[in-house]
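Open your viewer, get the protein on screen, and keep the selection tool handy. We'll begin with the whole thing and then hop from spot to spot.

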Amino acid sequence: MTHAAFPDLRLRRTRRTAWSRAMVRETSLSPANLIWPLFVCAGEGVEEPIASLPGVSRWSVDLIVERARDAIAAGIPCIALFPYTEADRRSADGAEALNPDNLMCRAVRAIKAAHGDAIGVLTDVALDPYTSHGQDGLVDDSGHVLNDETVEVLVGQALNQARAGADIIAPSDMMDGRIGAIRTALEGEGFGHVQIMSYAAKYASAFYGPFRDAVGSRGLLKGDKKGYQMDPANAEEALREVAQDLAEGADSVMVKPGLPYLDIVRAVRDSFAVPVFAYQVSGEYAMIEAAAAAGAGDRDALVLETLLAFRRAGASGVLTYHALHAARLLNG
């Protein structure tokens, strides 16, 4: 590139006024770039605030339908559902994941009955909300998470959710080969229209703590998840994971967590011509809320700046607990 030299070139010229800044802005952010994660709980008319996620609650199915209405009104195109499974419905094999009348399936059916295709519904495929040991899959006597046996259950879970009306199946388990197995099963049962958004690069992160409170798995986890979630030190491995999931039939991919892994978002965007999403996880949300509460920053500015950073890094969209608040800010 060739440029004039100062003073013929003054880079501040285009920053002088709001209209000029808007005219040359390189990155856009709109409600259409947001996915709103929501937590489902049992009961009717129930809202359960989550202490470690200020401003976030669990909602019973009837109120989840209302939250979907809020999302539609704000221009958010998709919501992501996660269930709070009571202890008496958890088991070593996560069998509740296959129950066609579990919380997830009831919520999907209710949202679709009320709103149809006015909003997309993304469902999490993994066993940790259903297992008594807190792992994302089946475990052997030594505590090792079994890959192939887990994939069989995940296929059943994905079909269960597709039958309920899920628009996007989002496997977050990080088992090898699960995308291909799920895609084959969906095609075989007439669900060829159902998308798969793969958690392709999900790291064994310290930022997930509040989420485990939200789904009721805090304190249940035996061991850790480093045997299947990715090492935070690795970047090239993320590209191999993405490539494998795309080859197996994923329609889009996700990087999780978000802000600490913007380099991975950019690398995926530059390497693959597919939609890439990032998950601004519970620990990231909690840090913004803590900073705002301490007077260390303005909440609105922090929310919008971090979301813009995801877009600048190349994310097609962001899963964020701030989605409704951000959408309302963007809508003015």
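The radius of gyration here is taken over C-alpha atoms, and the globule rule says to expect 2.2 Å times the number of residues to the power 0.38. For 332 residues that rule gives a value near 20 Å, and this protein has 20 Å, so it agrees with a compact globule.

Two bits of housekeeping. What you see is a predicted model, where local features need pLDDT of at least 70 and side-chain atom pairs count only at pLDDT 80 or more, while totals for chains, interfaces and linings use all residues. Residues are numbered from 1 along each chain as its sequence is written, and side-chain values use heavy atoms, with hydrogens and water left out.

**The whole protein**

Zoom out. Along its principal axes, the C-alpha trace spans about 70 × 45 × 40 Å. Switch to cartoon view and you'll be looking at eleven helices and ten strands. Both are DSSP runs numbered from the N terminus: helices are H or I with at least four residues, strands are E with at least two.

How many of the residues count as buried? Of the 332 residues, 52% do. Buried means under 20% relative accessible area, exposed means over 50%, and partly exposed is in between (1.4 Å probe, protein chains only).

Now think about contacts, meaning heavy atoms within 4.5 Å. Among contacts between residues at least 6 apart in sequence, 74% join residues at least 24 apart.

**Stop 1: Val 255**

Select residues 252–256. That's strand E8, and Val 255 lies in it. Val 255 has 1% relative accessibility, so it counts as buried. Next, pick Ala 201 as well: the two are 54 residues apart in sequence, yet 4.9 Å apart in space, C-alpha to C-alpha. Ala 201 is one of the residues that Val 255 touches beyond four places in sequence; others include Tyr 261, Ile 264, Phe 277 and Tyr 279.

Slide along to the bond between Lys 256 and Pro 257. This peptide bond is cis, with omega about -5°. Pro 257 sits in the loop between E8 and helix H8 (262–271). There's another cis bond to visit, joining Phe 6 and Pro 7, with omega about 10°. Pro 7 is in the segment before helix H1 (18–24). Most residues other than glycine have a negative phi, and most peptide bonds are trans.

**Stop 2: Lys 202**

Select residues 195–202 to light up strand E7, where you'll find Lys 202. Is Lys 202 buried or exposed? At 5% relative accessibility, it counts as buried. Show its side chain and follow it to the backbone oxygen of Ser 172, which it reaches at 2.9 Å. That's a polar contact: a pair of N or O atoms within 3.5 Å, where within protein one must be able to donate a hydrogen and the other to accept it, and residues adjacent in sequence count only if both atoms are side-chain atoms. Setting aside neighbours within four places in sequence, Lys 202 is also in contact with several others, among them Asp 136, Met 174, Tyr 208 and Lys 256.

**Stop 3: Ser 172 and Met 174**

Center on Ser 172, in the loop between E6 and H5. Ser 172 has 3% relative accessibility, so it counts as buried. Its contacts beyond four places in sequence include Asp 124, Asp 136, Tyr 199 and Lys 202.

Step along to Met 174, in the loop between strand E6 (168–171) and helix H5 (178–188). Its phi is near 70°, a positive value in a residue other than glycine. Met 174 counts as buried too, because its relative accessibility is 4%.

**Stop 4: helix H5**

Now select H5. Which of its residues are buried? They are Arg 178, Ile 179, Gly 180, Ile 182, Arg 183, Ala 185 and Leu 186. These pack against strand E5 (120–125), helix H4 (147–164), E6, E7 and helix H7 (236–247). Just after the helix, look for Gly 190, whose phi is positive, near 85°.

**Last stop: Leu 324**

Select residues 323–331, which form helix H11, and pick out Leu 324. At 11% relative accessibility, Leu 324 counts as buried. Show what it is in contact with beyond four places in sequence: Trp 36, Asp 70, Ala 74 and Ile 76. Finally, set your distance tool from Leu 324 to Gly 209: they are 115 residues apart in sequence and 22 Å apart in space, C-alpha to C-alpha.
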